[in-house]
Every structure is written in C-alpha cells, then in structure tokens.
Amino acid sequence: MRSDNFRFFLALCLLAVCAGMVRAESKVPEEATSAFAAGEYGRAIEILSRAAVSAPRDAAIEYLLARCYYEDEQFDRAIPYAEKALSLDPKNSSYHELLGRLFGEKADRSGWFSALSLAKKSRKEFEVAMLIDERNFSAMQSLIEFDCSAPGIAGGGEDKARPEIERLSAMDAAQGHYAAGNCRRQKKDNETADREFRKALALHPKSADLIYDIGDHYMKHNQPEGLRLVLEEGERAAPADLRGKFYRAAVFAMEKKDQGDATNLLREYLAKAPKRNNYPNRAIVHYWLGRIQENQNDAAAARLEYKEALNLEPKNRFANEALKRLQHD
C-alpha cells in the first residue's frame, strides 16, 4: 500500500514539474512583443491568438492580448483575456491593474446602473493590485484618482484618498506630490495642482508616464513654462520617448517661434509614435499643426488641420474652439 502511495505521489510531483517546465518554457513570441511595441495591435493579436492555442495556460500571452485590445480601445474584447490571465496567475498585480482600467473604461461608456457596478469592480481591482504589490505605483495612482473623482455611492471619496496619498508619499515623495496634484486636478483646483506638479518634477520622478501626464496638464492650460520643466525631466528619465518631440513642438507653437522645427517634430511624432492610451493621439497632433498654421497667418491650412482633428476625434474641444474662432475672424 505504501508503495502505491509513493508511486502516486511521485506521479503528482512529475506532473507538477512538467507543468512548471511548460510555464517556464512557454513565452510570448518575440514578434508579438515587437508588434505591440510598434503599435501594430492587429498583427500582435494574430500572433498571440495562434500562440494561445498552443499554450492555453500561458497567462502572459492572455495578458498581452488584453493589452493589445486595451490600447486599440476595444475594451469589451480585452476584458475576457484579462480575466483569463488572472485566473491563471491571480497574484499578479499588473493583471489586476489592467482589469481595473478595463472596468473603468467600460463604466465610462455604460448606462448609470451598469456604470456604478463596473466602477466598484474597477476600484476593487486597483485595491487588490496595490495589496499584492505596494510598489505598483501606477495601480496606487489609479486608486487615488478613482477615490478623488468618484462619488461615495461608487465607492470613492476624498476621505479615502488622503491616507492613500500619505502612504504613497512615504514610499516615493515625487509620486506623492503627483497624486496630490492629480487629485486637485480632478476637482478643477488647477492652482494647487500646479504647485504639487512642480514639487513632483523638482524631485526628478522616474516614471515617464507620470512626467508626460503632467505635460498634458500644462499643454491643456497653455503653460509653456511648465511644459519646459516637463521636457527637462522627460528627457532625463526617458531620452528616446517620442512624447518629448510632441510637447516640445507644443511649446514652440505656444511661444510662436521655430515653427518649421515644430512642424517637423509633429510630423515625426505622427510617423513614429505608437498608438497608446497615455500618448497624445493623432487628433491633438493635427490641432497643434493647425495652431502652427494660424501662427503663420495661413487660416485656410489651419482649418484643414482642425477639421482633420475633428474627423479623428469629433469631440475634440480644442479643435472645435479653434474652428469657431477662425469663423468669427
């Protein structure tokens, strides 16, 4: 009897070892990661879908499939892949964070009742991601932003955000100042947000995403001085990041100088930058090309750029306001 038990135990061990070997050897195809990095999501999805058939228990493949659909703004299609990745690897902080983002995006596009349920799910995923890895700062930022902006009925509230910001600040002061600024930005308190963002930049944050999100704030408020601080930190943290070219062009357009250089920077960004949810989109690039044309007193060319921006993003506020201004001139 003991011999049978031993053989059974040995068989289980061999199965476990084999399963571990499969997980270790099964990798996301390199061509898929290259396609993702280039923003070629359709191609990446084709490659990953084939890989998923061969390795149905590879969580990393499912996660990257979800990321592809997320970046391509196909949020409903992304959710099942994110959920499968989590079912295979439930202790992965990044997987919980992505699912939280997906629930949030779906909530923004849903009716009130569904949105409320999805918002609560979103917050829960961010919270779990943070509990699994307290140094997953992007998940913690998402949780703080949720609590600063969402009403209590959805699970949010500034009373929750304040201790979260304090906890984050104790781990990374730059992240803490950014979180405090972002919280005030949600409340339209731009003066306080600006003070906190400048404190964050002065501490040399490591995250290019954080730095360039501050850049987005300064761009939207037409503050070239603030954008120059962002560019200095962005180029220090991530010299090859193409967002630097976009924001430098915006500074030139705001200051009405080096318009040829600004145009070239924007054209290069259009040609090379991948489509990402945290990158300036093509519509806003065409808006700034229109601003440059206006600076050069070419109203007809400016209108074409603004119209292209609206063609790409019909609710683009900046392009809409610019076209209205040109019509009255």
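Me: Lys and Arg count as positive here and Asp and Glu as negative, with His and the chain ends not counted. How many side chains of each sign does the protein have?

Reply: The protein has 50 positive and 51 negative side chains. A charge is placed at NZ of Lys, CZ of Arg, CG of Asp or CD of Glu. With charges placed in that way, the centres of the two sets lie 2 Å apart.

Me: What kind of model do these values come from?

Reply: The model is predicted, so local features need pLDDT of at least 70 and side-chain atom pairs count only at pLDDT 80 or more, while totals for chains, interfaces and linings use all residues. Residues are numbered from 1 along each chain as its sequence is written, and side-chain values use heavy atoms, leaving out hydrogens and water.

Me: How many helices and strands are there in the protein?

Reply: There are 18 helices and zero strands. Both are DSSP runs numbered from the N terminus: a helix is H or I over at least four residues, a strand is E over at least two. The C-alpha trace spans about 95 × 45 × 40 Å along its principal axes.

Me: Why is Cys-68 called buried?

Reply: Buried means under 20% relative accessible area, exposed means over 50%, and partly exposed is in between (1.4 Å probe, protein chains only). Cys-68 has 0% relative accessibility, so it counts as buried. Of the 329 residues of the protein, 47% count as buried.

Me: What is the relative accessibility of Lys-256, and what does Lys-256 count as?

Reply: The value is 59%, so Lys-256 counts as exposed. Lys-256 lies in the loop between H14 and H15. Asp-258 lies in that loop between H14 and H15 too, but at a relative accessible area of 39% Asp-258 is therefore partly exposed.

Me: What is notable about phi of Lys-256?

Reply: Phi of Lys-256 is near 55 degrees, a positive value in a residue other than glycine. Asp-258 also has a positive phi, near 50 degrees, and is not a glycine either.

Me: What makes Cys-148 and Cys-183 a disulfide?

Reply: A disulfide is a pair of cysteine sulfur atoms within 2.5 Å. The sulfur atoms of Cys-148 and Cys-183 are 1.9 Å apart, and the two residues form a disulfide. A search of the whole structure finds one disulfide. Cys-148 lies in helix H8 (residues 137-149) and Cys-183 in helix H10 (residues 173-186), so the pair ties together parts that are 35 residues apart in sequence. With -100 degrees about the S-S bond, the link is left-handed. Both Cys-148 and Cys-183 are buried.

Me: Which residues does Asp-147 touch, not counting those up to four places away in sequence?

Reply: A contact means heavy atoms within 4.5 Å. Asp-147 touches, among others, Arg-123, Lys-160 and Glu-164. Asp-147 lies in helix H8, and its relative accessible area of 0% is why it is called buried.

Me: Which residues touch the most other members of the largest nonpolar core?

Reply: A nonpolar core is a set of buried Ala, Val, Leu, Ile, Met, Phe, Trp, Tyr and Cys residues joined through side-chain atoms within 4.5 Å. The largest one has 48 residues, and Ile-214, Leu-227, Phe-246 and Trp-288 touch the most other members. Among the elements that give two or more residues to this core are helix H11 (190-202) and helix H18 (317-328). H14 gives the most, with eight residues. A second, separate core of 34 residues includes Leu-65, Tyr-69, Tyr-95 and Leu-99. In soluble globular proteins, nonpolar side chains tend to be buried together.

Me: Is Ala-59 buried or exposed?

Reply: Its relative accessibility is 10%, so Ala-59 counts as buried. Ala-59 is found in helix H4 (residues 59-71). Leaving out residues up to four places away in sequence, Ala-59 touches Ala-85, Leu-88, Asp-89 and Tyr-95.

Me: What does Arg-236 count as, given its relative accessibility?

Reply: The value is 39%, so Arg-236 counts as partly exposed. Arg-236 has its place in helix H13. Apart from neighbours within four places in sequence, Arg-236 is in contact with His-204, Pro-205 and Ile-211.
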